Amino acid sequence: MSGGSARSLGKGSAPPGPVPEGLIRVYSMRFCPYAQRTRLVLTAKGIRHEVININLKNKPEWFFKKNPSGLVPVLETSLGQLICESAITCEYLDEAYPGKKLLPGDPYEKACQKMVFESFSKVPPLISRILRTQNKEDCSGLKEELHKEITKLEEVLTDKKTTFFGGNSLSMIDYLIWPWFERLEALELNECVDHTPTLKLWMAAMKKDPTVSSLLTDVKTFQGFFNLYLQNSPEACDYGL
Amino acid sequence: MSDDATRTLGKGSTPPGPVPEGVIRLYSMRFCPYAHRTRLVLRAKGIRHEVININLRNKPEWYFTKHPFGQIPVLENSKCQLIYESVIACEYLDDAYPGRKLYPYDPYERARQKMLLELFYKILGYQNTVFFGGDCISMIDYLFWPWFERLEVYGIADCVNHTPTLRLWIAAMKQDPTVCSLLTDKNTFLGFLNLYFQNNPGAFDYGLSC
């Protein structure tokens, strides 16, 4: 979709104009896993959208008017409505747009997806810390914790006896947790799914999904980004362009 | 007297039977603010329910079959489906039961309420109507309320002194019939807190006459 691979906007850039009618805008960053959730849902539902990438190491002043916390993703509608927090943006898109519903209609099934989401919640901050930890010793402790969390997810999926976390077709919960699994190889964390065969099968099935594969980033590109990002380089967000 | 004024079940207690059809069960504790959210929603929507209070310092072994870590609140329906995490439980009730919807219909307004919940601890300055969702009480007000009811007890009521809109909100909330019906008086809260900090397992049954 337009702008997905555009250079990021940084300090001193001109604020973008209003969002044209019939379109929704997402403020994003090409390598941000949280923003990837929103882009997955936009793509899966075939929603016409434009992407503005933000240089997270050199944020434009105007961006804080879109989200006071300065974080991506943020959705902006043609009515000027702003929606922040990745999970909230995803649910908003599912409710506001027609077509295939990613969240189940049944209240209990929907609650189940949200409970799985809660049990996944320790994974992103753990992976973040592992990324930032230089010390091999501290890392092994964190990797063990990550392994524990991933084993919990393996149990959930094994108990369900379905291919995906919401049943036999891909749904919201799969998209919400996918971005971190996509980064495991680049972070040299493949060992964390060594003893989780059901999850391995899920990962393979996810990679075959047209939406997931259209937004997939290869290992080398991730590693190039992580390298620059950890050095706080303002070039990180545009790596590979 | 609130419908949950029953003694807690602790270690060695008999597990409760299945939930009868037409009723939903809430595993709760009278002084827990998270469970209080769920009780508010059950009451506001007029949902037939039964409450089983759990002794959180002396948990029944059977309770871990309801929640892996023995936490509350947990909803259990007659189909043996279990729902936990207070916000998820509240949303489930709103979705599953007819009558008055507590979350707004509009997707953007729903998203706004969820963003407000994220900012729960940074609420000052975000309120521009009587209630957090507009001119009528709605889901977000019930989700916030339990902590404000406890402000006085915890001795931090002064923190809303310079926020007149919040003080007005508290006054308006106290006039809501649902909030009123579940209000716990200051002395009961204090009695509970006193025993709780002494690690007294009798804390959870404080104020019950039997």
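This is a short talk on the nonpolar cores, the chain interface and two buried helix residues of a two-chain model.

Hi everyone, thanks for coming. Please keep in mind that what you have on screen is a predicted model.

Let me begin with the cores. The largest nonpolar core has 74 residues, and the members that touch the most others are A:Leu146, A:Phe165, A:Phe181 and A:Trp202. Helix H7 of chain A, residues 172–182, gives this core its largest share, eight residues. If you click on A:Phe181 and ignore neighbours within four places in sequence, you will find contacts to A:Phe120, A:Ile150, A:Leu153, A:Val193, A:Leu199, A:Trp202 and A:Met203. There is also a second, separate core of 40 residues, and its members include A:Tyr108 along with B:Val41, B:Phe144 and B:Phe148. As general background, nonpolar side chains tend to be buried together in soluble globular proteins.

Now to the interface. Here 17 residues of chain B are in contact with 17 residues of chain A. About 1,700 Å² is buried between the two chains, with carbon and sulfur atoms giving 70% of that area. On the polar side, five salt bridges are counted between the chains, and five residue pairs across the interface are in polar contact.

Which elements of chain B supply at least two residues each to the side that touches chain A? They are strand E4 (82–84), helix H2 (86–96) and helix H3 (107–118). H3 of chain B brings the largest share, seven residues. By type, that side of chain B divides into ten nonpolar residues, one polar and six charged.

One of the residues I'd like you to look at is A:Glu91, in helix H3 of chain A, residues 86–96. Is A:Glu91 buried or exposed? Its relative accessibility is 9%, so A:Glu91 counts as buried. The side chain of A:Glu91 forms a salt bridge with that of B:Lys114, at 3.1 Å from N to O. Beyond four places in sequence, A:Glu91 is in contact with A:Leu103, A:Lys110, A:Lys114, A:Met172, B:Glu91 and B:Lys114.

Helix H3 of chain A also holds A:Thr89, which is buried with a relative accessible area of 0%. Leaving out residues up to four places away, A:Thr89 touches A:Thr38, A:Pro73, A:Leu75, A:Ile83 and A:Cys84. With A:Thr38 there is a side-chain polar contact of 3.0 Å.

That's my tour. Happy to take questions!

Key: Residues are numbered from 1 along each chain as its sequence is written. Chains are lettered from A and ligands numbered from 1 in the order in which they are written. This is a predicted model: local features need pLDDT of at least 70, side-chain atom pairs count only at pLDDT 80 or more; totals for chains, interfaces and linings use all residues. Side-chain values use heavy atoms; hydrogens and water are left out. A nonpolar core is a set of buried Ala, Val, Leu, Ile, Met, Phe, Trp, Tyr and Cys residues joined through side-chain atoms within 4.5 Å. Buried means under 20% relative accessible area, exposed over 50%, partly exposed in between (1.4 Å probe, protein chains only). Helices (H or I, at least four residues) and strands (E, at least two) are DSSP runs, numbered from the N terminus. Contact means heavy atoms within 4.5 Å. Buried area is the accessible area (1.4 Å probe) that two parts lose on being put together, summed over both. A salt bridge is a side-chain nitrogen of Lys or Arg within 4 Å of a carboxyl oxygen of Asp or Glu. A polar contact is a pair of N or O atoms within 3.5 Å; within protein, one must be able to donate a hydrogen and the other to accept it, and residues adjacent in sequence count only if both atoms are side-chain atoms. Ala, Val, Leu, Ile, Met, Phe, Trp, Tyr, Cys and Pro count as nonpolar, Asp, Glu, Lys and Arg as charged, and the others, Gly among them, as polar.
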